[in-house]
Amino acid sequence: MAKQRERMNLLANALTRRVRDFVRGEASELSDGAVWDHICGLIFAKSKEGPEDDYTEYLSPEEKLEVAERVFARTRRELNVLQPLADDAAVTEIMVNGKDCVFVERDGKLSRTDVCFETTEELEDVIRRIAAQVHREVNELSPVLDARLLDGSRINAVYKNIAIDGPALTIRRFPAARITMDTLIAYGSITEEAARFLAGLVRSAYNIFVSGGTSSGKTTFLNALAGFIPKDERIVTIEDTAELQIRDIQNLVRLECRGANAQGRGEITMRQLIKSSLRMRPNRIIVGEVRGEEVQDMIQAMNTGHDGSLSTGHGNSPRGMLYRLEAMYLQAADFPLEAIRRQIAEGIDILVHLGRLPGGARTVLEIAEVIGVAHGEIELRTLYGWTAGEGLVRRAELVNREKLALREGI
């Protein structure tokens, strides 16, 4: 098998050079169909036109077709050899670690592919084309790209001068169809009872913070929660890179941060956008993910009449997320820790913590209520907890029911 894959790679490399020479030699612009026909002619023709054709006699028709698709992607597709992976609906993430190492995530599991670039320059060219789509530059002076493509995919690229093993490229794709809470129930990510409970909290304008590790499904879950927001409210979303797919809300303003240009100018931070959003008369503010000093502005927004606001952040547990929020708040303001904790406890009502099970499945591990501050610490009460063999089960009743009573008459 390894020998066969090596033959396919050698043939793809040789034919890519021939096809590029053919395209450059044509006076008029060739159609994709004409290029495809030329590739197939080179691979499937019985006559020998070059030394690389000796590889074809060892390949099956299916393997020859795979080589043809790879050469076509290299010569005619925006993402080069990554295009077939990008077109595969089952692939949720593509990770390129240099020209010879490409991993993908399917169904929550990582696997290495046999896809590789012919040269490092070829990979760099793909990264530069991606950057050009979003009017950005990637080079030795600006070696990091963090952006969003038109289809909503999130892109991160690191140039070769700071990536030791060659340029690194990560493409996180999001499903075209929005994942709703019903979908998450069907996946087993949350129970129907817990979903109904959270739906009531969202409608009643509880401030909810979603925590979890990398790729635990925070943005997907935030999208699902947003589906319960009353349709007549005004919503402002603020994201570092726009990923939320909020629909059915007509009075919606979507804001996205912007990085500095090559001259170091034009940066728009999340702090600036949160402050600006307060002047837009929103009912609720949704902050895609907090990573730093913007925590202060988010908490202030939650404490100044914007009930029902939602946000996410990286954390290993609800308690660990609170500690991270405190640390980020301290970056923004030199306040006493006790005052910060009271601000956080006053602003956030509910913490939902997500995680990945050993098999890769994403699930809700805990739903906790922020009770207040006791003995100098923020007090948490686990309402739903996940344990092996039991799943997500109810542990306690909600204490602070004022918003429920006000909004739903309970």
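Start by selecting helix α1 (residues 2-25) together with α3: the two pack at an angle of about 40°, with their axes 9 Å apart. That angle makes α1 oblique to α3. Keep in mind as you go that this is a predicted model. Rotate until one helix sits in front of the other, and you'll be looking at a right-handed crossing.

Now show side chains. On the α1 side, pick Gln4, Arg5, Met8, Asn9, Leu11, Ala12, Asn13, Leu15, Thr16, Val19, Arg20 and Val23; in α3 they meet Glu63, Glu66, Val67, Arg70, Val71, Arg74, Thr75 and Arg76. Colour them by class and this contact comes out as eight nonpolar, five polar and seven charged residues.

**Zoom out for a moment**

Show the whole protein chain as a cartoon. How many helices and strands are there in the protein chain? There are 13 helices and 15 strands. The C-alpha trace spans about 80 × 55 × 40 Å along its principal axes. Of the 410 residues in the chain, 49% are buried. Looking at contacts with a separation of 6 or more, 56% of them are between residues 24 or more positions apart.

**Aromatic stops**

Next, go for the rings. The count of aromatic pairs in this model comes to three. For one of them, select Trp36 and Phe72: the ring centres are 5.7 Å apart and the planes stand at 90°, so this pair is edge-to-face. Trp36 belongs to helix α2 (residues 32-44) and Phe72 to helix α3 (residues 61-76), which puts the partners 36 residues apart and links distant parts of the chain. Is Phe72 buried or exposed? Phe72 counts as buried, because its relative accessibility is 12% and the cut-off for buried is under 20%. Trp36, with a relative accessible area of 25%, is partly exposed.

Then jump to Phe197 and Tyr384. Their ring centres lie 5.5 Å apart with the planes at 50°, so the pair is tilted. Phe197 is in helix α7 (residues 192-203) and Tyr384 in strand β14 (residues 377-387), so the pair ties together parts that are 187 residues apart in sequence. Both Phe197 and Tyr384 are buried.

**Over to a strand**

Keep Tyr384 on screen and add Glu366, which touches it. You'll find Glu366 in strand β13 (residues 362-374). Is this glutamate, Glu366, buried or exposed? Glu366 counts as buried, since its relative accessibility is 19% and buried means under 20%. Leaving out residues up to four places away in sequence, Glu366 touches Pro318, Leu351, Val352, His353, Thr382, Tyr384 and Leu392. Try a distance label to Arg395 as well: it is 29 residues from Glu366 in sequence, and their C-alpha atoms are 9.9 Å apart.

For another glutamate, select Glu121 in helix α5 (residues 120-133). Glu121 is partly exposed, with a relative accessible area of 48%. Draw a line from its C-alpha to that of Leu10: Glu121 and Leu10 are 111 residues apart along the chain, and the line is 18 Å long.

**Last stop: α9, α10 and α11**

Finish by selecting helix α9 (residues 270-277) and helix α10 (residues 294-302). Their axes come within 8 Å and cross at roughly 20°. That makes α9 roughly parallel to α10, because angles under 35 degrees count that way. The crossing of α9 and α10 is left-handed. Show Met270, Arg271, Ile274 and Lys275 from α9, which meet Glu294, Gln296, Asp297 and Met298 of α10. This α9–α10 contact divides into three nonpolar, one polar and four charged residues.

Leave α10 selected and bring in helix α11 (residues 318-332). Here the axes come within 7 Å and cross at roughly 105°, so α10 is roughly perpendicular to α11. Select Val295, Gln296, Ile299 and Gln300 of α10 with Leu325, Met328, Tyr329 and Ala332 of α11 to see the residues that make this contact. By class, the α10–α11 contact has six nonpolar, two polar and no charged residues. Before you close the session, click on Gln296: it appears in the contact with α9 and in the contact with α11.

Note on methods:
Residues numbered from 1 in each chain as written. Predicted model: local features only at pLDDT ≥ 70, side-chain atom pairs only at ≥ 80, totals over all residues. Heavy atoms only, no water. Axes fitted to C-alpha atoms, helices over the stretch in contact; angles between N-to-C directions. Helix = DSSP H or I, 4+ residues; strand = E, 2+ residues; numbered from the N terminus. Parallel < 35°, antiparallel > 145°, perpendicular 65-115°, else oblique. Left-handed = near helix turned anticlockwise from the far one by under 90°. Contact = heavy atoms within 4.5 Å. Nonpolar A, V, L, I, M, F, W, Y, C, P; charged D, E, K, R; others polar. Phe/Tyr/Trp six-rings, centres within 6.5 Å; stacked < 30°, edge-to-face > 60°. Buried < 20%, exposed > 50% of the residue type's maximum accessible area, 1.4 Å probe, protein only.
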